[in-house]
Amino acid sequence: MRANIKLGLFNMLPVALLAFLNHVIAKLTGNALFPTPPVSLAGMQALRDELQAAISAGTDGSSADREHRRSKVREVRDLLRVTADYVRAQCDGDAEKLATSGFPLAKQPERQNEVGVPGNLRASSTDVSGQVKLRWSKAEAARMFRVERALSDPTLGAPEWKPLSLVARQHYIVRELRPYESCWFRVTAIGVDKEGLPSDVVLGRAA
């Protein structure tokens, strides 16, 4: 999975933004992975000094001082955004390279390896002859569900399980059954690269 960096600039107070910019400048200085940032290190340092001065002036200053501080904050945000885009392009998703840039790595979603078992499988006849409706509960990390049917009682031996369908929802209507014939059903959750164990077996009869 390709790594990325995050910004979150709009949640930063001016002093935090200044500290962030200082950190990025320090990490990029002498870093051979990033030889030509869109704004030179000298340009970054100059804007850093301007923001620091604007923060000091705006703390107890006039409304004009505070507006000047806001203007410098916007400039620094723009600078960090274009620098982040440059860093992404240079690293091409390489986490080790991205980590040297001073920008924090974006959190990778945790991959769920174990696929759960669908629970509470229920079978009920419908108002239509020859149909049984199946319902079941969620299963961890499931992307799809495989519905299967057997025509002999699993408690009396190993039946032949016939796949009926792959569905994304937690219900399925089995059609074209013989009225009142006993059928056994089970459901298996399928994840990204593996599947879980089959559900408990349920008996169903169509009307």
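Lys72 lies in helix 3 of this predicted model. With a relative accessible area of 10%, Lys72 counts as buried, because the cut-off for that class is under 20%. Leaving aside residues up to four places away in sequence, Lys72 touches Leu47, Glu50, Leu51 and Ala54. The C-alpha atoms of Lys72 and Gln52 are separated by 9.2 Å, although these two residues stand 20 residues apart along the chain.

Helix 3 also leads to the interior of the model. The largest nonpolar core comprises 26 residues, and Val76, Leu80, Val87 and Phe103 are those with the most contacts inside it. At least two residues of this core come from each of helix 1 (14–28), helix 2 (41–59) and helix 3 (63–91). Helix 3 gives the most, supplying eight residues. In soluble globular proteins, nonpolar side chains tend to be buried together.

The surroundings of Phe103 can be listed in detail. Not counting residues up to four places away in sequence, Phe103 touches Ile5, Leu7, Phe20, Val24, Leu80, Thr83, Ala84, Val87 and Leu98. Apart from the largest core lies another, of 17 residues, which includes Trp136, Ala139, Val167 and Cys183.

Cys183 directs attention to the strands. Strand 6 (residues 182–190) and strand 8 run antiparallel and are joined by four bridges. Within strand 8, Gly204 is the bridge partner of Cys183. The side chains of strand 8 (residues 202–205) alternate along its length. Val202 and Gly204 point to one face and are buried, whereas Leu203 and Arg205 point to the other face and are not buried.

How values were computed:
Residues are numbered from 1 along each chain as its sequence is written. This is a predicted model: local features need pLDDT of at least 70, side-chain atom pairs count only at pLDDT 80 or more; totals for chains, interfaces and linings use all residues. Side-chain values use heavy atoms; hydrogens and water are left out. A nonpolar core is a set of buried Ala, Val, Leu, Ile, Met, Phe, Trp, Tyr and Cys residues joined through side-chain atoms within 4.5 Å. Buried means under 20% relative accessible area, exposed over 50%, partly exposed in between (1.4 Å probe, protein chains only). Contact means heavy atoms within 4.5 Å. Two strands pair if DSSP finds at least two bridges between them.
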